[in-house]
Amino acid sequence: MSASTRWVTPTAGLATIFGIATLYSGGTALFGGPAASVAAGNAVPFVLWFNFGMGFAYLLGAALLFLRHPLARPVAWAIGLATLAVFAAFGIAALQGTPFQMRTVAAMTLRSTFWLAIAITLERTRQ
């Protein structure tokens, strides 16, 4: 393994953990009943559904990254850019008065930064 690809395996591991955690937290908020809804607070429904669905994409992206598959790069770009698009829609909704949790801002920042960093790094290291 070259020095330029040593980051791939640990990053794929982090992406896997991220995917599992996303599915768990989103699934709990969506399907966990009234107590889970209360715990979620002012979750914005379209963001919650998007993030839950993206948990599956994170697992796909993690597997492709681990395997160093050529589709890892476009999948990372798709995840990162889709997350930015939903983040922008969330921002518009928040500016229009939709109640929201500040943790959503932090989570969407983390999600988009993580996947765009992977995509950019894959662009820079491709042969």
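Of the 127 residues in the protein chain, 39% are buried in this predicted model. The secondary structure comes to five helices and zero strands, and from the N terminus on the elements run α-α-α-α-α. Taken along the principal axes, the C-alpha atoms of the protein chain fill a box of roughly 50 × 30 × 20 Å. The chain exposes about 7100 Å², and carbon and sulfur atoms supply 73% of that area. Sequence-distant pairs feature strongly in the contact list: among contacts between residues at least 6 apart in sequence, 80% join residues at least 24 apart.

Helix H5 is a good place to begin a closer look. This helix covers residues 102-125. Its 24 residues should span 34 Å at 1.5 Å a residue, and its end C-alpha atoms are 35 Å apart, so the expected and modelled spans agree. Residues buried in H5 are Thr104, Met108, Arg111, Ser112, Phe114, Trp115, Leu116, Ile118, Ala119 and Leu122. The partners of these buried residues are spread over the chain: they pack against helix H1 (8-31), helix H3 (45-66) and helix H4 (72-95).

Trp77, a residue of helix H4, gives a detailed view of how H4 meets H5. Leaving aside neighbours within four places in sequence, Trp77 is in contact with Leu116, Ala119, Ile120 and Glu123. Two of these partners, Leu116 and Ala119, are among the buried residues of H5. Trp77 and Ala119 are 42 residues apart in sequence, yet their C-alpha atoms are 5.3 Å apart in space. Trp77 itself has a relative accessibility of 26%, and therefore counts as partly exposed.

The loop between H3 and H4 holds Arg68, a residue worth a look for its backbone. Phi of Arg68 is near 55 degrees, a positive value in a residue other than glycine. With a relative accessible area of 41%, Arg68 is partly exposed.

Pockets were examined next. The largest pocket has a volume of about 380 Å³. It is lined by 19 residues, of which Ser25, Ala43, Leu48, Arg103 and Thr104 are the closest to its centre. H1, helix H2 (34-40), H3 and H5 are the elements that give two or more residues to this lining. H1 makes the largest contribution, with five residues. By class, the lining of the largest pocket divides into 10 nonpolar, seven polar and two charged residues. Thr104, one of the residues closest to the centre of this pocket, also appears among the buried residues of H5.

The second largest pocket has a volume of about 310 Å³. Of the 12 residues that line it, Arg68, His69, Leu122, Thr125 and Arg126 are the closest to its centre. Arg68 thus returns here, the loop residue with the positive phi value. Leu122 is likewise familiar, as one of the buried residues of H5. H4 and H5 each supply at least two residues of the lining of this second pocket. Its lining has five nonpolar, four polar and three charged residues.

Taken together, H5 is a recurring element in this description. Its buried residues pack against H1, H3 and H4, and H5 gives two or more residues to the lining of the largest pocket and at least two to that of the second largest pocket.

Terms used
Residues are numbered from 1 along each chain as its sequence is written. This is a predicted model: local features need pLDDT of at least 70, side-chain atom pairs count only at pLDDT 80 or more; totals for chains, interfaces and linings use all residues. Side-chain values use heavy atoms; hydrogens and water are left out. Helices (H or I, at least four residues) and strands (E, at least two) are DSSP runs, numbered from the N terminus. Buried means under 20% relative accessible area, exposed over 50%, partly exposed in between (1.4 Å probe, protein chains only). Contact means heavy atoms within 4.5 Å. Accessible areas come from the Shrake-Rupley method with a 1.4 Å probe; for residues, only the protein chains shown count as cover. The expected span of a helix is 1.5 Å times one less than its number of residues. On a 1 Å grid over the protein atoms alone, a cavity is a set of points where a 1.4 Å probe fits but cannot get out, and a pocket is an open set with protein on both sides within 12 Å along at least five of seven lines; lining residues have an atom within 4 Å of a point. Grid points are joined across faces, edges and corners, and a volume is the space filled by probe spheres set on the points. Ala, Val, Leu, Ile, Met, Phe, Trp, Tyr, Cys and Pro count as nonpolar, Asp, Glu, Lys and Arg as charged, and the others, Gly among them, as polar.
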